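Work through the exercises below with the coordinates open. Each task is followed by a stepwise solution.

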Amino acid sequence: MYVNDGEVEIKDAERLWGKDAYEAEESLKKELGDKVRVACIGKGGENLVKFAGVMSDMGRTTGRSGIGCVVGSKNLKAVAVSGTKKMEAANPEKMSALVKGMIKINRAWVMEPPVTNYGTSVWLDLFNDFGDVPFKYWTLGGGSDLTNLGGLKMAEEILTGNYHCYGCPIGCGREVKVTSPAKYAVEGPGPEYETLTAFGSLCMIDDLAAIAKVNDICNRYGIDTIETGSLVAFSMYCYDKGWITREDTDGLDLIWGNADAAIALVEKIAKREGFGNTLADGLKPAAEKIGHDASKIIGHVKGQAFPMHDPRDMPGTAINYGTSERGHAIFTDRVYSPNMVWDL
Ligand code: SF4
């Protein structure tokens with residue numbers, strides 16, 4: 001769908017179908033000009049993976065709740081928007097005062113310097129000791145240790161720059177480059193806290209380069225890293241319990257911490273191949289198919305996986321999660337605020 005100065009055109013996107021989200025965006029920019037803004041799905045959305053997202057700006061995403069699956073079900077690959085008109089505010093003075101006020105609030109936020117310098121992953125450095133970071137599919141927490149993860153480690157080893165969403169003074173996004181080992185080589189958007197935790201501590205993968213790689217793979221397929229990482233960790237839990245074996249996993253050795261098996265499983269999920277197809281509809285259907293006690297141990301609300309904050313650390317989070325109208329989400333309200341010292 002191409003929206004240009006208010007005119008809407010539905011165009012044939014056959015040449016884009018099958019391209020990953022980065023390729024599709026690049027291709028549309030080449031065709032329609034650099035100024036066009038693109039929101040698109042990757043192959044995860046095309047394959048109707050239930051937790052596919054809508055990707056934009058080469059690596060940013062509307063990640064949760066499966067919007068990309070809905071878009072894919074409409075056979076819509078991308079929405080490209082461009083225009084020459086100026087945005088007018090009804091009251092420019094008030095608008096300008098509001099923007100200045102918001103910038104002031106942001107600047108005064110105690111987390112602003114660490115988030116600017118180390119990204120959202122600094123949460124792992126700062127709050128693991130408080131028990132906020134889940135480990136080993138929610139069976140460990142309270143300051144368990146993985147030494148190669150976190151925002152500081154990322155800055156030290158693979159960071160190349162910050163990414164700012166349009167007009168944002170904070171710039172929490174990470175740009176990273178991995179050259180070694182070659183199998184994890186990647187250059188572009190780096191993992192956020194949720195990704196680093198879902199594929200890191202939740203799967204016991206203590207390898208920053210591997211997680212940067214799996215982040216890139218998820219971005220290209222356009223699938224939610226929280227849901228996908230949770231499914232991989234859940235599969236490792238089931239494998240550890242003996243509820244699934246190599247026969248079920250297409251030969252993948254899903255022991256805790258096996259980064260290569262995790263990456264292979266992500267590919268299978270996005271393509272709906274073999275055991276990946278068992279997982280591609282989300283935690284609840286996967287647990288029902290696996291049987292044993294799997295349905296009793298999955299962490300979800302309304303079928304959506306927990307985000308990477310342990311309610312046993314901040315009990316308000318449990319109310320937050322449990323009452324969110326779209327399943328598990330951390331930002332729908334702030335019932336947990338009284339648990340956070342800087343909000344008092
Ligand atoms: S708007 Fe700013 S703080 Fe929010 S995600 Fe974008 S860069 Fe980060």
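**Exercise 1. An acid and its partner**

With which residue does Asp281 form a salt bridge, and how far apart are the closest N and O atoms?

Solution. Keep in mind that this is a predicted model.
- Step 1: look for the basic partner. Asp281 pairs with Arg272.
- Step 2: read off the distance. The closest N and O atoms are 2.7 Å apart.
- Step 3: check exposure. Asp281 has a relative accessible area of 24%, so it is partly exposed. Arg272 is partly exposed too, because its relative accessible area is 22%. The burial cut-off is under 20%.

**Exercise 2. Further salt bridges**

Find how many salt bridges the rule gives, then examine two pairs and one network.

Solution.
- Step 1: count. The rule gives 20 salt bridges.
- Step 2: take Lys29. Its salt bridge goes to Glu25, with 3.5 Å between the closest N and O atoms. Both residues sit in helix α1, 4 residues apart, or about one turn of the helix.
- Step 3: classify this pair. Lys29 is partly exposed at 21% relative accessibility. Glu25 has a relative accessible area of 2%, so it is buried.
- Step 4: take Asp293. Its salt bridge is with Lys296, and the closest N and O atoms lie 3.4 Å apart. Asp293 is partly exposed, with a relative accessible area of 37%. Lys296 reaches 69% relative accessibility and therefore counts as exposed.
- Step 5: look for a network. Salt bridges link Asp20, Asp216 and Arg220.

**Exercise 3. The domain interface**

Describe how domain 1 and domain 2 meet.

Solution.
- Step 1: set the bounds. The domain assignment gives domain 1 as residues 2-82 and domain 2 as residues 112-315.
- Step 2: locate the centres. Taken over C-alpha atoms, they are separated by 24 Å.
- Step 3: count contacts. 22 residues of domain 1 are in contact with 28 residues of domain 2.
- Step 4: get the area. The two domains bury about 2000 Å² between them, and carbon and sulfur atoms give 50% of this.
- Step 5: find the main contributors in domain 1. Phe51, Arg60 and Arg64 lose the most area to domain 2, together 39% of what that side buries.
- Step 6: list the polar links. The interface has 5 salt bridges by the rule. Between the two domains, 16 residue pairs are in polar contact.
- Step 7: assign elements. On the side of domain 1 that touches domain 2, α1 (21-32) and α2 (43-46) each give two or more residues. α2 gives the most, with 3 residues.

**Exercise 4. Arg64 and Gln304**

Which residue forms a salt bridge with Arg64? Is Gln304 buried or exposed?

Solution.
- Step 1: find the acid. Arg64 bridges to Glu227, with the closest N and O atoms 2.7 Å apart.
- Step 2: place Gln304. It is found in strand β11, residues 304-305.
- Step 3: classify it. Gln304 has a relative accessible area of 7%, so it is buried.
- Step 4: list its neighbours. Leaving out residues up to four places away in sequence, Gln304 touches Arg64, Ser65, Glu227, Gly299, Arg326, Gly327 and His328. Arg64 and Glu227 of step 1 are among them.

**Exercise 5. The nonpolar cores**

Which members of the largest nonpolar core touch the most other members?

Solution.
- Step 1: rank the members. Of the 73 residues in this core, Tyr137, Ile223 and Phe234 touch the most others.
- Step 2: map the elements. Those that supply at least two residues each include α6 (122-127), β8 (173-178), α10 (225-241) and α13 (283-290).
- Step 3: compare with the domains. The core draws at least three residues from each of domain 1 and domain 2.
- Step 4: zoom in on Phe234. Not counting residues up to four places away in sequence, its contacts are Tyr137, Leu283, Ala286, Ala287, Ile290, Ala294, Ile297 and Ile298.
- Step 5: look elsewhere. A second, separate core has 11 residues, including Val38, Cys40, Met55 and Ala78.

**Exercise 6. A loop aspartate**

Where is Asp310 found, and what does it touch?

Solution.
- Step 1: place it. Asp310 is in the loop between β11 and α15 (316-323).
- Step 2: classify it. At a relative accessible area of 3%, Asp310 is buried.
- Step 3: check its side chain. One of its polar atoms lies 2.9 Å from the backbone nitrogen of Arg312.
- Step 4: list contacts. Beyond four places in sequence, Asp310 touches Gly131, Asp132 and Trp138.

Key:
Residues numbered from 1 in each chain as written. Predicted model: local features only at pLDDT ≥ 70, side-chain atom pairs only at ≥ 80, totals over all residues. Heavy atoms only, no water. Core = buried A, V, L, I, M, F, W, Y, C linked by side-chain atoms within 4.5 Å. Buried < 20%, exposed > 50% of the residue type's maximum accessible area, 1.4 Å probe, protein only. Domains from an automatic or database assignment. Contact = heavy atoms within 4.5 Å. Buried area = accessible area lost by both parts, 1.4 Å probe. Salt bridge = Lys/Arg side-chain N within 4 Å of Asp/Glu carboxyl O. Polar contact = N/O pair within 3.5 Å; in protein donor to acceptor, adjacent residues only side chain to side chain.
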